[in-house]
Amino acid sequence: MTVIGSLLLALARFLPEEEREELRIHLGGTNSVPAVEPAGGERDDTTPDWGYIWHALLEASAHLRRVRPLLEDQRAYFDYRDITDAAEALRDKVDAAYELMCEAGHLDGLAVEEGDTLDDLRRLSGLHRAGIVDAELAGMRPQPRPDAPIWTIDITEHGGFIATSPSQQNADAPWKFWGIAATPASAAHALAWYFLDQPPRIVFDPPISAQPRARTTWDADRSPEGPSVRDLLDRRGPTYRQHLDAALATREVLRSRADDLQAWLTERATHLNATDPQRLLPSNVLNTPTSGMNRDHLGFVHTVTWVPTHLVVRTGHPIWGDFGGFRDDVPSQIATGLLRSDDLDTFTGELFGDEISLMLVPGWAGPIYQIGSNGNHRIHTARLLNLPWLAAASQVQALPPVWSMHDLIAADPDDENQLRCPLDHRIRDRTELIAGLLRRGVIDGDLEADTRDPVLRCRLVPAAWLLRGAEHATAVNAVYESRYPGALAQLGIPLVAGTDPAAWRAWLTGT
C-alpha cells in the first residue's frame, strides 16, 4: 500500500461515521463492481452475473445501514416500508434457493424440465422427498390388534399435526397429541412409535392428498392446540386420586419428622442411591439415534400424561438429592409445602403447574423416561417423598427406518476407549452386533453389509437402544429389566447375555 493509502487508513478512524461512509462510497463508486463480460465479448442472457449481483447487494446493504441514522438526523423523511418489504422478500427467495441447493445432493431421480421456476422445483422436491420418506417407512408399519384404539390425525400442508382419540375414555391416558412430521405417513409413524408396545389404529381426517409433499416449516407448530398439564389435572382421574392418597400418607410421615425434615430427606436420598441408583450416566444414551441418510425422518409427537415416577430412569443430576449446589434447597421447600398443606389439590397444582418435561423412550414391554427440558428437582423430590406419579409433558422422537453404521456410531455417547479405536474397526464391530440382532430375530430388517459403510433398513425394532454398542445396550437392558422384569426373556434374550457387554457380544457374534 502507498504511503498516502496508509495515511488515509490511519486517519479515517478520526472521521465521523457519516463522512467515513461518504468517503467509502466516493472511493468505491458504482464503477467498483463492473459487470464481467463472458469470454468472446458476448453475454449469455440466461447466466446471471453473480459477481456484479454480489457486490451490488453489499453496497446496497451499506447504504441501507445509513438510512436510519440519516432519518433520525431529520434531514429528510420518507416511507421506506416498500424498501424493507422488498428486502425481506428478496431474502426469502435467496434462502429458499439456498435450501433447495442444499437438498440437491439427495434428489437423485428428480425430473426437472426447462423453464421450471423456483416454486416448481420446490414443489417437485417436496413430492420427491415425500416419496422417499414413505417408501422407507412402508416396512415399519405395525400391525395393531383389531380392538386397538383409533387415533385420528389432522395434518396440515406445513407438517404440523394434531392426533385425537374420541373413544379414549381413560381419564389418565393421553387423549390428544401435537407434533411435526414430513409427511402423513411420517406423522403416523411418530404416533405409532409413542405407542410401540400397544400400536393403535390410525386414520386421517381430513383425508390426505394422494401426493403429499415433504414439508416441515416454521409455521408447522401446533403446540397451542395441544393439551397442557393443567388440562390433565382437571380431568381428576383415578391416578390423580392415587397421587392424593400418596401425598396424604407422606404428609403424615413428614409431620412425624417435622423437627428433622432435612435429615429425613437425606436418609431417603441415601436409601435411593443404594437401592435404585441412576446408572445411565451418558446424557444421550437413551436418545433416538438420528439418520444422516435422510434428515426428513425427524417426526415427533408431544402430549401430557401421568408417568410412574420410578420409570424416570435418568435425570440431569445422577445422584438422588444432589444438585451440585444448584438450588439444593428445592426438595426441602417442596417437602415443607406438603407438610404444611391442608389443601392437597392446591399443592398438586403448584407442584405440577410449571410443566415437567420428559422424553419418552419406547420399549417392547412399555416405556421408560428421561428428563427433557425441565423438572429435575421435582423428579428427585417425588422419589424422595414416595410420590408414585408425575403429571408431565412427554415427547418422543420417531425412530428412522434406515441408518448407516457410521450414523449409529456418531449417535453413541462419547466414550474415550471407543474414540481411540480406528473408525473401520468400530464400523466392523457394530456391523457384527447388528447382524447378530437380525440373526437372533431380536430386530427385523435388511443389512447391506458388502459396503465400506454398511446400511441397516429396519422393519421392526423393539427399542432404539438395542442398536447401540455392547456397553451401552446392556446398561439400558439392565435398567429396563429392573422396571419390567422378564422383558428380556420376551425377546428371547438370556438375562446374562442381555446385561453383560462381553456376554452380549458373544451371544450376538458367536464368539
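Of the 511 residues in the protein chain, 43% count as buried. The model is predicted. Here is a route through it.

**Stop 1: the whole chain**

Show the full protein chain as a cartoon. The chain has 19 helices and twelve strands. Switch to a surface view next. The accessible surface comes to about 27200 Å², and 54% of that belongs to carbon and sulfur atoms. Now think about contacts along the sequence. Among contacts between residues at least 6 apart in sequence, 74% join residues at least 24 apart.

**Stop 2: the sheet of nine strands**

Hide the helices. Nine strands form an open sheet with mixed pairing. Follow the order S4-S1-S2-S3-S5-S9-S7-S8-S6. Which strands are the edge strands? They are S4 (201-204) and S6, and each pairs on one side only. Look along the sheet to see the turn from strand to strand. Neighbouring strands are turned by 35° against each other on average, direction ignored.

A general point helps here. Strands of a sheet pair through backbone hydrogen bonds, either parallel or antiparallel.

**Stop 3: strand S5 and its partners**

Select residues 300-308, which make up S5. Then add residues 176-180, strand S3. S3 and S5 run antiparallel, and three bridges join them. Pick tryptophan 178: its bridge partner in S5 is histidine 302. Pick isoleucine 180 next: its bridge partner in S5 is phenylalanine 300.

Now add strand S9, residues 389-397. How many bridges join S5 to S9? There are nine, and these two strands also run antiparallel. One pair to show is valine 304 with its bridge partner in S9, alanine 393.

**Stop 4: the two sides of S5**

Show the side chains of S5. In a regular strand the side chains alternate between the two faces of the sheet. On S5, Phe300, His302, Val304, Trp306 and Pro308 point one way. Val301, Thr303, Thr305 and Val307 point the other way. Are these residues buried or exposed? All are buried. Nine of the nine residues of S5 are buried, so S5 is largely enclosed by the rest of the structure.

Zoom in on threonine 305, which lies in S5. Threonine 305 has 5% relative accessibility and therefore counts as buried, the cut-off being under 20%. What does threonine 305 touch? Leaving out residues up to four places away in sequence, its contacts are Asp172, Ala173, Pro174, Tyr194, Leu232, Leu390, Ala391, Ala392 and Ser394.

**Stop 5: glutamine 262 and aspartate 329**

Select glutamine 262, which sits in helix H9 (residues 261-275). Glutamine 262 is partly exposed, with a relative accessible area of 46%.

Then select aspartate 329. Where is aspartate 329? It lies in the loop between strand S6 (312-314) and helix H10 (330-340). Aspartate 329 is partly exposed too, with a relative accessible area of 41%.

Draw a line between the two C-alpha atoms. Aspartate 329 and glutamine 262 are 67 residues apart in sequence and 9.5 Å apart in space. Draw another from glutamine 262 to threonine 336. That pair is 74 residues apart in sequence, with 9.8 Å from C-alpha to C-alpha.

**Stop 6: helices H5 and H6**

Bring the helices back. Select H5 (residues 118-137) and H6 (residues 184-194). Two packed helices are described by the angle between their axes and the distance between the axes. The axes of H5 and H6 come within 9 Å and cross at roughly 35°. H5 passes H6 in a left-handed crossing. Show the side chains where the helices meet. Val133, Asp134 and Leu137 of H5 make the contact with Ala185, Ser186 and His189 of H6. By class, this contact has three nonpolar, two polar and one charged residues.

**Stop 7: the sheet of three strands**

Move on to strands S10, S11 and S12. They form an open sheet in the order S10-S12-S11, with antiparallel pairing. The edge strands are S10 (402-404) and S11 (444-448), and each pairs on one side only. Neighbouring strands of this sheet are turned by 20° against each other on average, direction ignored.

Select S10 with S12 (residues 455-460): they pair in the antiparallel sense over three bridges. Highlight tryptophan 403, which stands opposite leucine 456 in S12.

Finish with helix H15, residues 423-439. H15 lies across S11 and S12 and runs at about 145° to S11.

Technical notes:
Residues are numbered from 1 along each chain as its sequence is written. This is a predicted model: local features need pLDDT of at least 70, side-chain atom pairs count only at pLDDT 80 or more; totals for chains, interfaces and linings use all residues. Side-chain values use heavy atoms; hydrogens and water are left out. Axes are lines fitted to C-alpha atoms, for helices over the stretch in contact, and angles run from 0 to 180 degrees between N-to-C directions. Helices (H or I, at least four residues) and strands (E, at least two) are DSSP runs, numbered from the N terminus. A crossing is left-handed if the near helix is turned anticlockwise from the far one by less than a right angle, and right-handed if clockwise. Contact means heavy atoms within 4.5 Å. Ala, Val, Leu, Ile, Met, Phe, Trp, Tyr, Cys and Pro count as nonpolar, Asp, Glu, Lys and Arg as charged, and the others, Gly among them, as polar. Buried means under 20% relative accessible area, exposed over 50%, partly exposed in between (1.4 Å probe, protein chains only). Accessible areas come from the Shrake-Rupley method with a 1.4 Å probe; for residues, only the protein chains shown count as cover. Two strands pair if DSSP finds at least two bridges between them.
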